[in-house]
Structure formats: structure tokens, C-alpha cells
Amino acid sequence: MRAIRRFSVRTVLPEPIAALGELASNLRWSWHAPTRELFAGLDPQRWQAVRHDPVALLGDLPPERLAELADDPTFVATVEAAAADLNEYLEQPRWFQSQAQSDVGGEGLPRSIAYFSAEFGITAVLPQYSGGLGILAGDHLKAASDLGVPIVGVGLFYKTGYFKQSLSREGWQQETYPVLDPDGLPLSLLREDDGTPCEVVVDLPGGRRLVAHVWKAQVGRVPLLLLDSDTQANDEALRGVTDRLYGGSGEHRLQQEMLLGIGGVRALRLWSRLTGAPAPDVYHANEGHAGFLGLERIRELVASEGMGFDEALEAVRAATVFTTHTPVPAGIDRFGADQIETYFGGDNAMAGVPVERILDLGAETYPGGEAGVFNMAVMGLRLGGRANGVSELHGHVSRHMFDGLWPGFDDREVPITSITNGVHAPTWVDHRVFELAEKHLGHRLGTDAGVWDDVPLVPRGEIWAVRREMRAQLVQEARRRLRASWLRRGASSAELGWVDSVLDPDVLTIGFARRVPTYKRLTLMLRDPDRLKAMLLHPERPIQLVIAGKSHPADDKGKSLIQQMVRFADDPAVRHRIVFLPNYDIAMAQYLYPGCDVWLNNPLRPFEACGTSGMKSALNGGLNLSILDGWWDEWFDGENGWAIPTADGVEDPDHRDDLEAAALYDLIEGQVAPRFYDRDEAGVPGRWMEMVSHTFRSLGPKVLASRMVRDYVEQLYTPAARAGWALNGPGFPGARDLAAWKSRVREAWGSVRVDHVESSGVSDSPQVGDVLSVQAFVSLDGLAADDVQVQVVHGRVSFQDELTDTRVVTLQHAETYEGGRHRFEGDIKLARTGAFGYTVRVLPRHQGLASPAELGLVVNA
């Protein structure tokens with residue numbers, strides 16, 4: 001029989017242990033081992049049965065057990081101590097507060113930062129993520145909490161999350177969508193004073209209204225607001241807007257992103273009204289999914305301040321940060337212009353926000369762009385005063401991919417910077433690693449680089465022993481999951497005796513786990529199956545592979561790759577050395593990263609924006625074996641792992657895969673396996689442990705999410721907040737002035753020109769140290785000299801007169817002539833030998849510009 005209604009009955013805790021409810025509802029437990037140990041001790045068997053979910057555990061404990069605990073003075077004191085520890089964590093000043101106190105010049109730090117993301121990976125208990133983007137967002141919030149950064153997260157609550165993955169008997173991915181009950185999760189519903197659920201409303205075409213409730217997850221110090229469309233106020237179709245992550249049609253996705261962006265801003269206003277929290281000074285869109293937040297903020301300013309669209313746009317841009325995560329155009333959400341006209345025009349037009357202007361924001365008006373398409377990343381860049389990629393290489397790729405938005409500028413001048421992702425160590429590092437550091441170093445591994453420099457003081461033999469324990473832990477978990485998978489595939493218990501001998505805790509273990517789009521090349525290791533089998537079955541130096549990953553439900557190519565891998569792993573000849581574990585999630589990952597000796601990543605370069613799984617492995621003492629892509633391109637130093645050579649320039653993709661697979665095999669056979677099995681008299685691989693120690697020292701301080709969040713605060717959030725304050729002061733004169741100035745510059749720019757350039761000061765045979773004097777005569781046609789900057793761009797010059805390795809010198813205004821003509825002048829000291837060249841250019845200049853290239857206007861000589 002099927003129930004016609006379902007709901008969760010929450011536990012009423014006895015007063016002496018009532019603080020358990022607060023400890024369970026604050027997701028700090030997901031990265032705070034003492035709190036998890038407290039809950040595990042309540043009933044270890046139930047703790048395992050509820051998959052380490054404190055809320056579910058409390059709901060599963062019988063009243064008599066709770067009463068027994070409440071009568072135990074020792075346990076009550078333990079709960080009180082844990083609650084006091086949490087309260088201290090929530091209230092005590094941390095890094096951000098110390099920065100605010102030492103603010104040089106008193107310019108101020110942001111009081112609140114809104115962080116929008118379509119997915120958040122906090123814990124397996126709250127499955128609101130699909131892959132790296134969500135895990136990154138979760139780590140961002142956790143690190144912000146640890147640092148005391150005043151962030152508020154904004155996302156959607158998906159009724160069925162992403163999906164649960166299983167395998168058919170034939171190895172084909174199958175998806176199921178278990179319904180999540182928010183009342184049974186560590187969430188609380190925002191309510192009005194009278195107890196009714198708070199509502200956020202987004203208007204849709206045809207007079208329809210999309211109504212959402214708002215759930216709050218408390219991530220340490222950080223509130224995370226999740227909008228849920230499954231309310232009685234909506235019809236059946238609208239109730240399903242937040243049914244699942246990355247599912248449905250293009251229109252379904254558009255409605256989701258409207259709720260995330262527009263509804264998310266309204267949820268923030270609701271949160272401020274309920275709690276008195278300050279309105280955000282900075283709005284951070286983590287990928288283009290949240291881009292509509294800028295439109296809602298423009299609408300607000302038009303309605304409340306009487307601003308025009310252009311003025312409101314400037315005010316919004318100044319305080320907006322946009323992060324792009326994709327290195328390929330195919331990974332960007334794009335909608336038809338007709339869809340945007342339907343949803344933002346006609347009877348659903350936003351007052352003061354013309355749909356024509358909205359279409360302009362997302363239009364692909366650059367070479368190679370497609371007419372009639374609305375590009376969410378392009379809108380994000382046009383609405384974001386500051387933008388970044390997520391590794392140095394990805395920043396370079398992004399500047400090239402979007403350079404058409406800034407014609408006339410070299411790629412390196414495109415205003416997209418980079419902040420390399422990081423990972424939240426308390427979430428991903430096994431407790432044994434922390435305990436070993438505390439035993440020998442006296443403290444946990446943290447953000448201080450000096451701490452990581454002390455790692456060589458830890459005896460190598462003890463690190464090796466801990467690594468073996470973590471490998472054995474992974475072996476046991478892999479066997480458990482593999483058995484469950486085969487039972488679901490239709491096998492009987494009687495035919496699964498072989499599972500008990502799958503994997504070996506003393507064999508070199510290589511991990512590969514990630515989403516399965518084609519470019520990540522799950523099956524690259526299968527290019528030569530016989531050679532792979534030989535490595536798996538080597539009599540002295542065997543390897544074993546633990547593999548996991550999900551393909552998008554609509555991606556049959558990705559599913560086919562999974563099936564190929566599963567069929568190979570099903571072979572009785574090798575199935576004790578290679579396993580594919582379905583339903584890759586946070587819970588599985590917390591066994592994989594500590595348990596693998598080597599983390600393999602072989603994407604098609606340069607399509608990996610960053611990739612953080614290898615960072616998590618490194619923090620557990622694993623070594624990376626990776627294509628030089630994403631973060632590994634940036635931080636590989638020759639001793640902290642291995643770089644798989646890439647066949648760049650080979651046009652035939654099959655031939656390229658063959659070459660790179662052969663290079664991978666060569667590395668494993670010639671370097672990785674020999675170093676792992678080359679042991680000293682104590683059974684410790686000395687050269688291997690040197691690399692592990694060096695990995696801790698070289699990567700430890702860099703790969704942390706705390707470093708990443710500090711970079712965001714210092715490089716993007718604080719400048720964005722200050723720019724926003726400058727434009728959003730009383731009466732918003734700054735925004736009005738900047739909008740008027742931009743309009744005037746754009747109107748006049750067609751007549752700006754470099755009339756003449758003169759140089760002097762060097763002979764026909766110049767030498768290093770000589771000074772080149774440059775005079776540029778420029779016509780500005782109504783613009784003032786202060787409206788522009790005139791630059792000399794100089795560097796090495798090719799036979800085709802192309803400048804490379806350039807540097808910029810700004811010329812000073814020297815004289816004004818009749819007819820709007822001006823002279824600018826300056827000197828260049830020759831500092832390099834070789835072919836030298838230069839040119840002169842004119843750019844707009846205003847203190848309100850985040851970048852000289854912001855307007856995309858430049859006049860070259």
C-alpha cells in the first residue's frame with residue numbers, strides 16, 4: 001500500500017539535553033569531529049543505519065533512551081560543553097574581524113556578502129549538489145564560517161536533489177529520484193511572526209505567480225537560504241520548478257534561474273526584515289545560473305530611488321562579483337531571445353527594466369556569437385563589475401573565450417582575473433592525519449605555511465602506517481558498496497563470495513572519481529586493455545583502481561563510457577583489482593581521498609577549469625598523477641606528483657587519446673609503481689615518502705579553501721563593496737554621474753583619434769638604459785583630457801610587427817590646442833635587448849571604472 005500523505009514528526013528532547021537539537025541543526029557537525037563523535041556515541045548501530053545524520057538519529061531514538069540520557073549527569077555535562085564550544089565558535093572574533101579592526105585608512109570591509117549558487121555540497125545528508133560546482137560552493141561557505149566572513153548563501157531546495165545512481169545488470173547507469181522531506185533534514189522554515197511560512201513571489205507570464213517558501217540551513221556561522229517552490233500556492237507545474245537539480249526543459253531551467261536570481265534577492269530582503277541582518281554590500285554570482293539577481297537589483301533601484309536603467313546598472317555592477325567555472329561555451333546556459341522576451345516583456349515586464357535592455361545584456365554580439373541567443377555567462381560578465389576564473393589557466397582560457405566582449409584589447413587585458421579554488425580541509429582530511437600532526441607538531445595542520453614546513457618532523461614510518469590504515473579503510477568500504485551494487489544488479493548473495501577478496505590494503509591504489517562528461521575521459525585508461533590488465537596483475541608491482549562518477553541523466557555518451565568501464569571491471573580476471581562504485585557523493589569521497597595513494601585526472605586539456613579532487617587527496621598524503629590542466633598546471637613542481645604529457649596540437653582526437661594513454665601507462669609502469677614498491681629495511685618506500693612530505697609542504701598552504709576565501713575578500717569582495725559604496729551613497733550621485741559620463745564617452749568615442757606620434761632620445765643603435773621620449777597628439781572631440789588615458793604599449797616585436805610580452809606606460813597630459821586637440825608625453829627606459837616596438841592608444845578613464853577595459857573602448861594609433 002502507498003501512503004496518501006507523508007510528513008516527519010520531530011523529536012521533543014528532554015530539557016537537560018535540549019542542546020542536542022541545536023548541535024544537530026547547525027551543519028558545523030559535518031566538519032567538526034567531536035560533535036560527530038558525540039552523536040555516534042548515542043547509539044553506534046543507529047548512527048551507522050542513519051548514515052551519520054544527527055537529525056535522523058535523534059528522530060530514531062526511542063523516548064526511553066532520550067530520558068535515560070537526560071538522567072545521566074556525565075552525558076548532560078558533555079552536551080553542555082559541546083553547546084558551549086559551538087556558541088564560542090559562533091560568537092568569537094575570527095580572521096575577518098581582525099582584518100576589520102586593522103583596516104588601514106578606515107575604508108571598511110563589507111558588512112554582508114550574498115553568495116548565490118545553483119547547488120551547494122555541504123554534506124551527504126543534504127544532497128543539493130551534482131559535482132564540483134556544488135562542492136566548491138559548500139567549501140566556500142564552510143571556510144567563510146571558519147574565517148568569520150559575513151556571507152549569506154542563496155540557493156534552491158531541490159525536492160529530489162540530483163539523482164541516485166545505480167547500475168543495471170549490463171552496467172548501464174540507472175537514475176532514481178528519492179523524495180527528500182525537508183522536515184526531516186537539518187533545515188528550518190522561515191516563518192512570519194504569526195507562524196505562517198514566509199513567501200517569496202516571482203511573477204511569470206500570463207499573470208501566473210511562482211511562490212516559494214524559504215528554508216534555512218545553518219552552516220556554522222553562515223546562513224544558507226534555499227527557496228522551495230513545492231507549496232500549495234502553486235499549481236502542479238510550478239510546484240515542480242525546484243523538483244530536481246539540472247533537470248527538465250529549457251523553460252524549466254529558465255524558471256529555476258529566475259527563482260534563484262530574482263527570488264533569491266527577495267529572500268535576502270525577507271531575511272533582513274526578519275533578523276535585522278544588514279543588506280549585502282556585495283553580491284557574488286557563482287556561475288551564470290544566478291545572473292538574474294542583477295535584474296532584480298536594478299528593478300529595486302528604479303522603483304525605490306527613481307533611478308534610470310543606466311544609473312541603476314552602474315550601481316549594481318559596482319558591487320557584483322561574477323565567477324565563471326566553465327572553459328567551454330557548451331557548458332554555459334543559453335536561452336532563446338524569444339523566451340527572454342516572453343518572460344521579461346509583455347504582461348510580465350519589470351517596471352523600469354525594458355526587455356530590450358535585458359536582451360542586450362545577454363546578447364552574443366561578438367565574432368562567432370549567435371544571433372537570437374541569450375547567454376547567461378555573457379550577462380554575468382556585463383552585470384559583474386569584477387569577474388574571475390577559478391585557476392590561473394582557466395583565467396587565461398576565459399579571457400580568450402570572452403575576448404569578443406572587449407574588442408581591441410589583447411587577451412591578457414580582458415578584465416577577468418583568477419582566484420584558484422581551494423578545499424575545506426576539516427571536511428576532507430581524515431582524522432588520522434590531523435591526529436598525527438597534533439602528536440608530533442603540537443597542533444593541527446592549518447593555514448600557516450610554517451606549520452606545513454614542519455611536516456618532515458613527523459616520522460615517515462608513522463605517516464606510512466597511517467596511509468596503510470586509510471587504504472584498508474577504503475578497501476572495506478569499497479567491498480561493502482560493491483556488494484550492495486551487485487545485489488541491486490540482480491546477483492544473489494551466494495554468488496558474491498569473491499567480493500570479500502576485492503582490493504588489497506597493501507597494493508598501490510589509484511583513484512579516479514568525478515562527473516562523467518566526455519572531456520574528462522573516464523575511459524582513457526582503457527585505450528590498451530591488455531596493457532592495463534598487465535599492470536593490474538603485475539606479480540611484483542600490481543596496481544588497483546577505485547573508480548566512481550555520475551553521468552548527467554540526458555548524456556548517453558557519458559553513460560556509455562561508464563558502461564565500458566563497468567564491463568571491464570566485471571571481468572573475473574581483474575575484478576579483484578578494479579572496481580566501479582556507483583552513486584559517487586560526499587560520503588563516498590571521504591573514504592576515497594584518504595584511501596588512494598595516487599589521484600588520477602586525465603581531462604582533455606584545457607577543459608578542466610580547476611578540479612579540486614586532487615587537492616583533497618594531497619591533503620591526505622596522496623600524490624597526483626594528472627594532465628597539466630586546472631590547478632595542477634599552476635602548482636605542479638616536478639616533485640609533488642607526476643604530469644601526464646599532453647599531445648597538444650594533434651588534431652585526430654583518437655590519436656591524441658592513444659598518445660596520452662601511452663604516456664599514462666609509461667608513468668605508472670616506469671615511475672609510480674617502482675617508487676611505491678621500493679622499500680627500505682623497515683618496509684617504508686623512502687623516495688615515495690619524500691614526495692608525500694614534499695606534497696604536504698608545497699601544496700598544503702595553497703590548496704585550502706581558507707586561502708581561497710581570503711583571496712576573494714581581499715581581491716574582489718572588499719574592492720566591490722567600496723566601489724558599491726562610492727556609487728550607492730545618499731541620493732546615488734556617483735551612479736548617476738558614472739552613467740552620464742559613460743553615455744557621453746560612448747557618444748563621442750567615434751571621433752577620438754591618435755593624430756600623430758613623435759619620438760626622440762635614442763640613436764639608430766639604441767642600448768639598454770637609453771630613454772625613449774614619446775609625444776602623442778590626440779583629438780578628443782569634446783571629451784576632456786581627464787576623460788582619457790593615453791598609453792604607450794611597448795614590448796618585443798615580431799617580423800609581422802606584432803607586439804608580445806608588452807608593458808604599458810601612461811603618458812601625461814602636456815598641452816591643449818584649439819579644436820579639442822591635446823598633446824601627451826612621457827619617457828620609456830629601454831630595459832631589454834632584442835627587437836623592440838611600441839604603439840600608442842587611447843582609453844577611457846574614470847575613477848569609477850573597475851578596469852580600463854571595462855567599456856570595451858580603445859583607439860589605437
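What follows looks at one sheet and two cavities in a predicted model. Local features need pLDDT of at least 70 and side-chain atom pairs count only at pLDDT 80 or more, while totals for chains, interfaces and linings use all residues. Residues are numbered from 1 along each chain as its sequence is written, and side-chain values use heavy atoms, with hydrogens and water left out.

Seven strands make up an open sheet, paired antiparallel in the order β21-β22-β25-β24-β23-β26-β27. Strands (E, at least two residues) and helices (H or I, at least four) are DSSP runs numbered from the N terminus, and two strands pair if DSSP finds at least two bridges between them. At the edges stand β21 (753–760) and β27 (859–860), each with a single partner strand, so one side of each has no neighbour in the sheet. Strand β26 (residues 836–844) is joined to β27 by two bridges, and Arg 841 sits opposite Asn 860 in β27.

As for empty space, a cavity is a set of points on a 1 Å grid over the protein atoms alone where a 1.4 Å probe fits but cannot get out, and its lining residues have an atom within 4 Å of a point. There are seven cavities of 30 Å³ or more, a volume being the space filled by probe spheres set on the points, which are joined across faces, edges and corners. The largest holds about 130 Å³. Its lining has 14 residues, with Val 433, Leu 436, Leu 445, Ile 463 and Phe 696 nearest the centre. Helices α18 (431–441) and α20 (460–488) each supply at least two of the lining residues.

The second largest cavity holds about 90 Å³. Of its 13 lining residues, Leu 482, Trp 486, Ala 569, Asp 570 and Phe 580 lie closest to the centre.

Conventions. 1 Å grid on protein atoms, 1.4 Å probe; cavity = no way out; pocket = protein on both sides within 12 Å on 5 of 7 lines; lining within 4 Å.
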